Amino acid sequence: MNKKMMMASALVVLSVSAGAEAAVITQWNFNSNPADSATGTGTGAPSIGSGSASLVGGTTATFASGDASGGSSDPATGDDSGWNTTSYAAQGAGNKTRGTRYLVSTVGFNNIQVSYDLRHSNTSSKYEQVQYTTDGSTWTDFALFSGAAGDTWFNGRSVDFSSIAGVANNANFGFRVLAAFAPSTSAYAASSPTGTYGSTGTWRFDMVTVSGTALAAVPVPGAVWLFGSALLGFLGVRRKA
Ligand SMILES: [Ca+2]
Ligand SMILES: [Ca+2]
């Protein structure tokens, strides 16, 4: 290999290895932007990246403090909001039909990971069913979490989708978090061990995050040839000069 070819090869290797770091694709911190010193106001627009957050099945929501009761992992102070959802289903009805949904394109990324913080009120559903979609409309059960305490933040809920074919590099990826009956029963359990489930219980979300590893930017053969030709031409011109 002569010097010109070695230079061209080194540049191609650089471009291939440049994309190997994990990165946040989209994140919601639900805080007003710009901050306004009121935790009762916030936004459903992502704080990083793009995507949509929406309510599922008649759930309603306001914004409320992300700092109260121990707080979420959001480093913001003063205007740290969470997305405070309520109007869940009546006891014994609507299993896995109410909660929140997040649609995020994972194009350009693999090893997709999802994380979120969630405060359970005393009377909210103890069980959180995480589902995912690869076509934007059909949903599959995945992780099930238990929040066995009321008025408590459960931070860093973490779901690893790296083993699910079709989640990576997909414009139609999404996930949702829904109130679910206690396993093998037909009733919701209350988050507080001494509480009673109620449809007015609240789940307060914060720091909802989708991350992944950027796919390597592998040049197509034609581009390599063009790039190599241009480089050799450039060197040739310089040598003549
Ligand atoms: Ca605010
Ligand atoms: Ca927040």
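The protein exposes about 11,500 Å² in this predicted model. Carbon and sulfur atoms supply 58% of that area. The chain has 241 residues, of which 40% count as buried. Two helices and 11 strands make up the secondary structure elements. Along the sequence they follow the pattern α-β-β-β-β-β-β-β-β-β-β-β-α. A helix thus opens the series and another helix ends it, with the strands in between. Contacts reach far along the chain. Among those between residues at least 6 apart in sequence, 78% join residues at least 24 apart.

Five of the strands form an open sheet. Its order is β2-β5-β10-β7-β8, and the pairing is antiparallel. Strands β2 (52-56) and β8 (140-146) stand at the edges. Each has a single partner strand, so one side of each is left without a neighbour in the sheet. From one strand to the next, the twist averages 20°.

Strand β10 lies between β5 and β7 in the sheet order. It spans residues 174-180. On one flank, β10 pairs with β5 (residues 99-103) over five bridges, in the antiparallel sense. Two residues of β5 illustrate the register. Threonine 100 has valine 177 of β10 as its bridge partner. Leucine 103 is matched with glycine 174 of β10. On the other flank, seven bridges join β10 to β7 (residues 127-133), and these two strands also run antiparallel. Here glutamate 128 has alanine 179 of β10 as its bridge partner.

Burial of β10 is complete by residue count. Seven of its seven residues are buried, so the strand is largely enclosed by the rest of the structure. Both faces of β10 are covered. Gly174, Arg176, Leu178 and Ala180 are buried on one side. Phe175, Val177 and Ala179 are buried on the other. Two of these residues, Gly174 and Val177, appear above as partners of β5. Ala179 is the partner of glutamate 128.

Three salt bridges were found in a search of the whole structure. One joins lysine 96 and aspartate 141, with the closest N and O atoms 2.6 Å apart. This pair links distant parts of the chain, 45 residues apart. Lysine 96 sits in the loop between β4 (81-86) and β5, whereas aspartate 141 belongs to strand β8. Both residues retain some access to the surface. Lysine 96 is partly exposed, with a relative accessible area of 27%. Aspartate 141 is partly exposed too, at 36%. The strand that carries aspartate 141 is one of those at the edges of the open sheet.

A further salt bridge connects the side chains of arginine 119 and aspartate 151, at 2.8 Å from N to O. These residues are 32 apart in the chain and link distant parts of it. Arginine 119 is in strand β6 (residues 109-120). Aspartate 151 is in the loop between β8 and β9 (152-160). Their exposure classes differ: arginine 119 is buried, with a relative accessible area of 10%, and aspartate 151 is partly exposed, at 36%.

The remaining salt bridge involves glutamate 128 and arginine 157. Their closest N and O atoms are 2.8 Å apart. Glutamate 128 is in strand β7 and arginine 157 in strand β9, so the pair, 29 residues apart, links distant parts of the chain. Glutamate 128 and arginine 157 are both buried. Glutamate 128 therefore has two roles in the description: bridge partner of alanine 179 in β10 and salt-bridge partner of arginine 157.The model also holds a calcium ion (ligand 1). Its protein donors lie 2.3 to 2.9 Å from it. Side-chain donors come from Ser32 (OG), Asp36 (OD), Thr41 (OG1) and Asp79, which is listed with two OD atoms. Ala38 (O) and Thr41 (O) are also among the donors. Along the chain, the donors follow the spacing S-x3-D-x1-A-x2-T-x37-D. Aspartate 36 is partly exposed, with a relative accessible area of 37%. Alanine 38 is likewise partly exposed, at 29%.

Terms used: Residues are numbered from 1 along each chain as its sequence is written. Chains are lettered from A and ligands numbered from 1 in the order in which they are written. This is a predicted model: local features need pLDDT of at least 70, side-chain atom pairs count only at pLDDT 80 or more; totals for chains, interfaces and linings use all residues. Side-chain values use heavy atoms; hydrogens and water are left out. Helices (H or I, at least four residues) and strands (E, at least two) are DSSP runs, numbered from the N terminus. Buried means under 20% relative accessible area, exposed over 50%, partly exposed in between (1.4 Å probe, protein chains only). Contact means heavy atoms within 4.5 Å. Accessible areas come from the Shrake-Rupley method with a 1.4 Å probe; for residues, only the protein chains shown count as cover. Donors are N, O and S atoms within 2.8 Å of the metal (3.2 Å for Na, K and Ca); water is not among the atoms, so sites may look incomplete. Two strands pair if DSSP finds at least two bridges between them. Axes are lines fitted to C-alpha atoms, for helices over the stretch in contact, and angles run from 0 to 180 degrees between N-to-C directions. A salt bridge is a side-chain nitrogen of Lys or Arg within 4 Å of a carboxyl oxygen of Asp or Glu.
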